[in-house]
Amino acid sequence: MESPSLDGFRCLNLACPAYGQLGLGNIRLRKWYDTRFGRRRLLRCATCGREFSELKGTALWNTRLPHERAADIMEHVTRGNSFKETAELTHTHRTTVSRLVCIAGEHAQRVHDHHAQDLRVTSLQADERHGFVGRKDQPCWEATVIDPRSKFVVQNALGARTTDLAVRLLFETRSRLHDPHGVVLFTDGWLPYDSLFPQVFGRPYQPKRQGGRGRLPRLQYRIPRTSGHVRIIKTYQGKRVTDIRIERAAGSQRRVDQELEALGYTTPNTSAVERHNGTARRMNPHQVRKSLAFARLPHVRQTVSDLVNAVYNYCRVHRSLRVKLDEPVGRRQYAQRTPAMAIGIADAVWSVLRLLRTVVLPTPCRS
């Protein structure tokens with residue numbers, strides 16, 4: 001495999017003045033060194049003199065496996081195969097598969113944190129998926145926020161279906177947005193969404209004190225005219241939906257109608273995130289229906305979820321996101337795109353190997 005250009009590397013020394021900066025020309029080739037799986041480059045920073053491997057800061061650092069096999073393991077796991085099945089298909093020990101998937105999941109989350117910032121979105125959809133961790137009597141919900149226009153998974157959070165889950169989901173989503181006051185949120189009837197929306201997407205203000213003594217009144221929140229919240233409340237009888245009620249919980253009806261027209265919807269719904277729920281269940285071995293392959297440890301459950309979301313965002317094309325080419329290339333008339341390309345943070349379809357080889361900061365050291 002062709003080695004990446006040195007222009008894409010940066011110094012990983014925290015004490016270096018050029019730490020984390022690209023395009024300075026300070027990264028030089030120190031030497032080539034041999035490993036069991038091929039030759040690797042030892043790089044040197046001309047600013048501070050620190051030397052490091054070209055794999056430092058990637059998910060492949062110290063994996064002690066061929067890179068192609070590590071990528072195959074991630075491909076099999078994100079196709080819904082259990083760790084045991086993946087180990088048999090790739091001729092790898094099951095504990096090695098588990099270890100590599102956890103490392104790749106942590107790396108995928110850092111890649112997502114680095115790229116998914118300052119997102120320019122005008123609408124979001126949120127929903128939760130039921131699952132288990134440890135035992136079948138110990139539920140673990142996965143809440144997801146998705147951009148319905150680009151199908152990009154903005155944020156996910158795992159845990160018990162309590163207010164804390166909604167707090168982590170919405171506040172972390174807010175931190176990734178360019179303008180959190182210009183978003184219309186579509187959710188189901190879960191009450192924490194309704195109570196938290198003003199705090200997350202509203203503008204805080206301090207009411208005046210009545211008199212000159214005593215405590216200040218509690219902080220209040222105003223809902224901007226550019227934002228809104230719509231709840232799609234479903235009534236179930238057994239496992240069947242018997243009634244759907246749409247409620248505008250916050251914001252103006254004019255803003256909601258404007259966003260619905262931009263999305264091409266006739267009525268408010270959470271169709272994008274609900275369709276993604278089915279895709280995520282097929283990709284995640286711990287959420288495949290009618291399966292006993294649930295995660296035994298919460299950390300494994302979290303890292304696999306992070307890996308699945310990163311592969312979905314950056315490596316898997318979405319048919320509804322394809323665009324027609326100005327001039328056909330042979331028989332190909334459309335250019336395929338991933339959610340990351342549609343939202344504007346990637347310029348090409350990533351391979352799983354490229355995801356694993358992406359250098360992110362800060363760089364934890366694994367000896």
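In these legends Ala, Val, Leu, Ile, Met, Phe, Trp, Tyr, Cys and Pro count as nonpolar, Asp, Glu, Lys and Arg as charged, and the others, Gly among them, as polar. The model is predicted, with local features needing pLDDT of at least 70 and side-chain atom pairs counting only at pLDDT 80 or more, while totals for chains, interfaces and linings use all residues. Residues are numbered from 1 along each chain as its sequence is written, and side-chain values use heavy atoms, with hydrogens and water left out.

**View A. The largest pocket and its lining.** The largest pocket (an open set of points on a 1 Å grid over the protein atoms alone, where a 1.4 Å probe fits, with protein on both sides within 12 Å along at least five of seven lines) has a volume of about 780 Å³, taken as the space filled by probe spheres set on the points, which are joined across faces, edges and corners. Of its 30 lining residues, defined by an atom within 4 Å of a point, Glu128, Arg129, His130, Arg281 and Arg289 are the closest to the centre. Two or more lining residues come from each of strand S4 (123-129), strand S12 (228-237) and helix H7 (271-283), where helices (H or I, at least four residues) and strands (E, at least two) are DSSP runs numbered from the N terminus. By class, the lining of the largest pocket has 12 charged, nine polar and nine nonpolar residues.

**View B. The second largest pocket.** This pocket has a volume of about 490 Å³, and among its 21 lining residues Gly8, Arg354, Arg357, Thr358 and Val359 lie nearest its centre. Helix H3 (94-115) and helix H10 (352-357) are the elements that give two or more residues to this lining, and H10 provides the largest share, three residues. The lining divides into nine nonpolar, seven polar and five charged residues.

**View C. The buried side of helix H5 (residues 191-201).** Pro192, Tyr193, Leu196, Phe197, Val200 and Phe201 are buried, that is, under 20% relative accessible area (1.4 Å probe, protein chains only). They lie on the same side of H5, because they cover an arc of only 135° around the axis, the arc being that of the directions from the helix axis to the C-beta atoms. The buried residues of H5 pack against S4, helix H4 (163-175), strand S9 (184-187), strand S10 (203-205), S12 and strand S13 (240-251), with contact meaning heavy atoms within 4.5 Å.

**View D. The two sides of helix H6 (residues 253-263).** Arg255, Val256, Glu259, Leu260 and Leu263 are buried in H6, and they are on the same side of this helix because their arc around the axis covers only 135°. On the other side of H6, Arg254, Gln258 and Glu261 are exposed, meaning over 50% relative accessible area, with partly exposed in between. The buried residues of H6 pack against S4, S9, S12 and S13, and H6 is followed by Gly264, whose phi is positive, near 80°.
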